[in-house]
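This briefing goes through one protein model, topic by topic. The sequence and structure come first.

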Amino acid sequence: MNEITSSSAMANLPLPATETEMPADQTWWHKLLSGTGWLSHLTFGELLLLAGSLLLYLYTRLTDLTSFPIYFFCDEAIHSVLARDLIANGFRDGEGTWLPPYFRNAEKWSLSLSVYLHALSIILFGFEPSVWMTRATSVIASILAP
């Protein structure tokens, strides 16, 4: 009996408005990006706000990147150093494993994906790792969160 009641209640719910049901005089930022797909619920205005907020995020993270924090500690440097060594050794670690899933950090096997991200940035932007490039790679990877 609950199935019948819930299905009849669902039948009375209004369907979402499609692009053809939108008024013709509607402004461009209220128009949907597409009629179907995963972007169907976003408008142009919302997309502009999203892009603007991501640009603001990148600006605040990349501005004066080498000045703060004031020191470049070994915990930051090891990712780029291991990535440079990985590329130089034909994508093999110090023990000869091809595309290793983990890298040794002092006494523990703890580094993995971050080394491959830094290897990608070294391949794309040059073999000489710097403080800016090491930190910028982490900033670009962090843009997935916001």
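The points below cover the fold, two pockets, a surface patch, a salt bridge, and some single residues.

The model is a predicted one. The protein holds five helices and two strands, and from the N terminus on these elements run α-α-α-β-β-α-α. Of its 146 residues, 21% are buried.

**Largest pocket**

- The space in the largest pocket comes to about 260 Å³.
- Its lining consists of L62, L117, L120, S121, L124, F125, W132, M133, A136, T137, I140 and A141.
- Helices α4 and α5 (131–142) each give at least two residues to this lining.
- Helix α5 has the largest share of the lining, with six residues.
- By residue class, the lining of the largest pocket has ten nonpolar residues, two polar ones and no charged ones.

**Second largest pocket**

- The second largest pocket holds about 150 Å³ of space.
- Its lining is made up of L82, D85, L86, N89, R92, D93, G94, E95, F103, R104 and W109.
- Helix α3 (74–88) and strand β1 (103–105) each contribute at least two residues to the lining of this pocket.
- The largest share, three residues, belongs to α3.
- Five residues of the lining of the second largest pocket are charged, four are nonpolar and two are polar. In the lining of the largest pocket, by contrast, there are no charged residues.
- L86, one of the lining residues of the second largest pocket, is found in helix α3.
- L86 counts as buried because its relative accessibility is 1%, and the cut-off for buried is under 20%.
- The C-alpha atom of L86 is separated by 8.8 Å from that of Y116, with the two positions 30 residues apart along the chain counted as their distance apart.

**Nonpolar surface patch**

- L120, I123, L124 and F125 make up a nonpolar patch on the surface.
- Together these four residues have about 460 Å² of accessible area.
- I123 belongs to helix α4, which spans residues 113–125.
- L120, L124 and F125 of the patch are also among the residues that line the largest pocket.

**Salt bridge between α3 and α5**

- The structure has one salt bridge.
- The partners are E76 and R135, whose closest N and O atoms are 2.8 Å apart.
- E76 lies in helix α3 and R135 in helix α5, so the pair ties together parts that are 59 residues apart in sequence.
- How accessible are the two partners, E76 and R135? E76 is partly exposed, at 25% relative accessibility, whereas R135 is buried, at 6%.
- These two labels differ because buried means under 20% relative accessible area and partly exposed covers the range from there up to the exposed cut-off of 50%.
- R135 also figures in a second pairing: its C-alpha atom is 9.6 Å from that of F72, a residue 63 positions away in sequence.
- F72 is in the loop between α2 and α3, and with a relative accessible area of 32% F72 is partly exposed.

**Positive phi outside glycine**

- Which phi value does D64 have? Phi of D64 is near 55°, which is positive although D64 is a residue other than glycine.
- D64 sits in the loop between α2 (44–62) and α3.
- With 54% relative accessibility, D64 counts as exposed, since the cut-off for exposed is over 50%.
- F91 is not a glycine either, and its phi is positive at about 60°.
- The loop between α3 and β1 contains F91.
- F91 is partly exposed, at a relative accessible area of 29%.

**Recap by element**

- Helix α3 holds E76 of the salt bridge as well as L86, and gives the largest share of the lining of the second largest pocket.
- Helix α5 holds R135 of the salt bridge and gives the largest share of the lining of the largest pocket.
- The loop between α2 and α3 contains D64 and F72.

Conventions:
Residues are numbered from 1 along each chain as its sequence is written. This is a predicted model: local features need pLDDT of at least 70, side-chain atom pairs count only at pLDDT 80 or more; totals for chains, interfaces and linings use all residues. Side-chain values use heavy atoms; hydrogens and water are left out. Patches are made of residues with over 30% relative accessible area and no salt bridge: like charges are joined within 9 Å, nonpolar side chains (Val, Leu, Ile, Met, Phe, Trp, Tyr) within 5 Å. Accessible areas come from the Shrake-Rupley method with a 1.4 Å probe; for residues, only the protein chains shown count as cover. A salt bridge is a side-chain nitrogen of Lys or Arg within 4 Å of a carboxyl oxygen of Asp or Glu. Helices (H or I, at least four residues) and strands (E, at least two) are DSSP runs, numbered from the N terminus. On a 1 Å grid over the protein atoms alone, a cavity is a set of points where a 1.4 Å probe fits but cannot get out, and a pocket is an open set with protein on both sides within 12 Å along at least five of seven lines; lining residues have an atom within 4 Å of a point. Grid points are joined across faces, edges and corners, and a volume is the space filled by probe spheres set on the points. Ala, Val, Leu, Ile, Met, Phe, Trp, Tyr, Cys and Pro count as nonpolar, Asp, Glu, Lys and Arg as charged, and the others, Gly among them, as polar. Buried means under 20% relative accessible area, exposed over 50%, partly exposed in between (1.4 Å probe, protein chains only).
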